[in-house]
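This report describes a single protein chain for a reader who meets it here for the first time. The overall surface and form are treated first, then selected helices, strands and loops.

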Amino acid sequence: NSVPVVTVDGPGGSGKGTVTQMLARRLGWHLLDSGALYRLTALAARRQGVDLADEAGLVGVAAGLDVSFQPTPEGEPVRVFLHGDDVTREIRTEETGDGASRVAVIQAVRDALLQRQRDFRQAPGLVADGRDMGTVVFPDAPVKVFLTASAEERARRRYLQLKEAGMDVNIQNLLDEIRARDDRDMNRSAAPLKPADDAQVIDSTGLSIEEVLSKVMALVGQA
Ligand code: C5P
């Protein structure tokens with residue numbers, strides 16, 4: 001497949017979601033939010049009464065996901081539908097994120113979602129957001145970015161986001177959750193979170209979204 005891909009991997013709260021959405025829009029390329037697929041698997045499991053400890057059940061849920069993504073005007077989150085239901089807000093809750101990182105440790109669940117992710121690679125190009133985009137899903141991507149930020153900075157960003165969305169949150173709880181999720185994502189044996197050998201690492205602590213975006217755009221321009 002010669003369609004170009006920019007992979008952006010990194011921990012939650014590094015700014016990946018916003019950066020990849022803006023990047024895809026500017027380039028006029030498709031966008032893959034791979035985390036949404038793990039979140040949808042966790043949510044669908046809950047709705048179907050499948051326990052997060054039931055591996056075979058979870059693989060069935062992942063393989064049978066009926067999802068669609070609908071583009072939105074600039075600045076609004078992409079709308080996500082699960083079996084026809086708008087779950088845009090529901091997949092962003094801490095509970096669903098936590099469930100996502102639990103189903104994501106299961107190799108067979110990851111395998112069930114692999115081809116679905118590769119199918120997003122369509123002309124004129126793809127921006128892929130996740131944890132293992134550059135290492136596992138698109139190892140041949142010409143541009144790979146690993147975006148990080150300190151845990152404190154990520155907790156602060158998440159706090160502001162959730163507060164703006166009208167949710168009642170505590171920053172210390174968020175920091176604890178972020179650390180627990182980082183730990184699970186980096187120390188799992190199935191596709192652990194780490195930069196690909198050929199990835200460019202960008203630390204977004206103290207950088208604005210625009211500054212991060214122009215760094216990534218420069219890498220795409222050089223490729
Ligand atoms: O990026 P997001 O917070 O939506 O991802 C939710 C969870 O899904 C992550 O904590 C991670 O465990 C998992 N994930 C993954 N591989 C990806 C994307 C997300 O394991 N490519």
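The accessible surface of the chain comes to about 10700 Å², and carbon and sulfur atoms contribute 50% of that area. Accessible areas are obtained with the Shrake-Rupley method and a 1.4 Å probe, and for residues only the protein chains shown count as cover. The model is predicted, so that local features need pLDDT of at least 70 and side-chain atom pairs count only at pLDDT 80 or more, while totals for chains, interfaces and linings use all residues. Residues are numbered from 1 along each chain as its sequence is written, and side-chain values use heavy atoms, with hydrogens and water left out.

**Overall form**

Of the 223 residues of the chain, 45% count as buried; buried means under 20% relative accessible area, exposed means over 50%, and partly exposed lies in between (1.4 Å probe, protein chains only). The radius of gyration of the chain is 16 Å, which agrees with the value near 17 Å for a compact globule of 223 residues. This radius is taken over C-alpha atoms, and the globule rule is 2.2 Å times the number of residues to the power 0.38. Along its principal axes, the C-alpha trace spans about 50 × 40 × 35 Å.

The chain has nine helices and eight strands. These are DSSP runs numbered from the N terminus, where a helix (H or I) has at least four residues and a strand (E) at least two. Among contacts in the chain with a separation of 6 or more, 75% are between residues 24 or more positions apart; contact means heavy atoms within 4.5 Å.

The chain carries 27 positive and 33 negative charges, and their mean positions are 2 Å apart. Lys and Arg count as positive and Asp and Glu as negative, whereas His and the chain ends are not counted. Each charge is placed at NZ of Lys, CZ of Arg, CG of Asp or CD of Glu.

**Helix H3 and its two faces**

Helix H3 covers residues 55-63, and Leu58, Val61 and Ala62 are buried in it. These residues lie on the same side of H3 because they cover an arc of only 95 degrees around the axis; the arc is that of the directions from the helix axis to the C-beta atoms. The buried residues of H3 pack against helix H2 (34-48), helix H4 (94-103) and helix H5 (107-118). On the face turned away from the buried side, H3 carries the exposed residues Ala56 and Ala63.

**Helix H1, strand E1 and their partners**

Threonine 20 is placed in helix H1 (residues 16-27), and leucine 23 is in helix H1 as well. Valine 8 lies in strand E1 (residues 5-9). The table gives the contacts of these residues, leaving aside neighbours within four places in sequence.

| Residue | Relative accessibility | Contacts |
|---|---|---|
| Threonine 20 | 0%, buried | Val8, Leu31, Val127, Asp129 |
| Leucine 23 | 0%, buried | Val6, Val127, Leu213, Val216, Met217 |
| Valine 8 | 1%, buried | Lys16, Thr20, Ala128, Asp129, Gly130, Val145, Leu147 |

Leucine 23 and leucine 126 are 103 residues apart along the chain, and their C-alpha atoms are separated by 9.9 Å. For valine 8 and arginine 154, 146 residues apart in sequence, the C-alpha to C-alpha distance is 16 Å.

Helix H9 (residues 209-222) contains glutamate 211. With 40% relative accessibility, glutamate 211 counts as partly exposed. The C-alpha atoms of glutamate 211 and valine 19 are separated by 10.0 Å, with their positions 192 residues apart along the chain.

**Backbone features in the loops**

The peptide bond from alanine 123 to proline 124 is cis, with omega near 5 degrees. Proline 124 belongs to the loop between H5 and strand E6 (126-130).

Histidine 83 is not a glycine, yet has a positive phi of about 45 degrees. Histidine 83 is located in the loop between strand E4 (79-82) and strand E5 (85-86), and its relative accessible area of 43% makes histidine 83 partly exposed.

Alanine 191 also has a positive phi of about 45 degrees although it is not a glycine. The loop between helix H8 (171-187) and strand E8 (200-203) holds alanine 191. With a relative accessible area of 14%, alanine 191 is buried.
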